[in-house]
Amino acid sequence: MNTPYQILGSEGIKKLCESFYETMEAAHEAAGIRRMHAEDLAPVTDKLIDYLTDWMGGPPIYQTKYGTVCLTEPHAGYAIGPKETTQWLFCMDQALDKIGASDEVKEMLKVPLERVANAVQNRDVSVADSMDRDPNLIAIN
Ligand code: HEM
């Protein structure tokens, strides 16, 4: 069976990552996670290209450059709860649609992408949700 890297190719993965961050920039559905990112999305776009090349079965570019493929530490400084995970996966779904990815590749990636996004999630409740539930937090502030 072909790997996603073989199906999409380097060019396809680059387009996917560019489209992913273009979606994050433009879609109100992703405004929460857009705010977490630096103003300039170019550096993280390059890192995601390197990461997904590796992760989709291509050459281990990210691993070679950064010495690890563990995503826990780069995300540790951000509050990533269920809402943020949903927003990230939303951007990826949109990006896959925008680049015209086949149903075959979408199906191959669906569960593994959910798994990696859930692994990056580092809290059970999104900050926005905990504020919704406790209006005193706003009163204190
Ligand atoms: C689950 C929701 C996620 C959120 C909210 C999130 C958010 C972020 C943020 C805020 C950054 C720092 C960006 C910057 O410096 O401007 C980042 C970096 C990064 N993210 Fe995520 N992320 C998520 C999931 C993922 C997933 C699932 C992957 C991979 C499949 C991923 C791959 C990366 C990579 C490769 C970097 C750069 C890490 C480095 O500095 O080497 N992220 N992410």
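**Group meeting talk: an all-helix chain and its ligand**

Okay, let's start with burial: out of the chain's 141 residues, 21% count as buried. And keep in mind that this is a predicted model.

So what is the chain built from? Nine helices and zero strands. If you read the elements off from the N terminus, you get α-α-α-α-α-α-α-α-α.

On to overall dimensions. The C-alpha trace spans about 55 × 30 × 30 Å along its principal axes. For a compact globule with 141 residues, you'd look for a radius of gyration near 14 Å, and the chain comes in at 16 Å, which agrees. Now take the contacts between residues at least 6 apart in sequence: 76% of those join residues at least 24 apart.

Next, the inside. The largest nonpolar core has 20 residues, and the ones touching the most other members are I13, L16, C17, F20, L52 and C91. Who supplies this core? α1, α3 and α6 each put in at least two residues, and the largest share, six residues, is from α1. Let me pick out C17 for a second. Leaving aside residues up to four places away in sequence, C17 touches T45, L48, I49 and L52.

That brings me to α3, which runs 42-55. Does its length make sense, or how long should it be? At 1.5 Å a residue, the 14 residues of α3 should span 20 Å, and the C-alpha atoms at its ends are 20 Å apart, which agrees. Its buried residues are L48, I49, D50, Y51, L52, T53 and W55. What covers them? Among others, α1 (4-26) and α4 (61-66). And just after α3 there's G57, with a positive phi of about 105°.

Last stop, the ligand. There are 21 residues around the ligand, and M36, A38, Y51, P74 and W88 come nearest. You've already met Y51: it's one of the buried residues of α3. Which helices supply at least two residues of the shell each? Those are α2 (31-36), α3 (42-55), α5 (72-75), α6 (82-98) and α7 (103-120). The largest share is four residues, and it comes from α3. And what is the shell like by class? We have 15 nonpolar residues, four polar ones and two charged ones.

So if you take one element home, take α3: it supplies at least two residues of the largest nonpolar core, and it gives the ligand shell its largest share. That's me done, thanks.

Key
Residues numbered from 1 in each chain as written. Predicted model: local features only at pLDDT ≥ 70, side-chain atom pairs only at ≥ 80, totals over all residues. Near = placed C-beta within 6 Å. Nonpolar A, V, L, I, M, F, W, Y, C, P; charged D, E, K, R; others polar. Expected span 1.5 Å × (residues − 1). Buried ≥ 20, exposed ≤ 12 C-beta atoms within 10 Å, placed from the backbone. Contact = placed C-beta atoms within 7 Å. Rg over C-alpha atoms; globule rule 2.2 N^0.38 Å. Core = buried A, V, L, I, M, F, W, Y, C linked by C-beta atoms within 7 Å.
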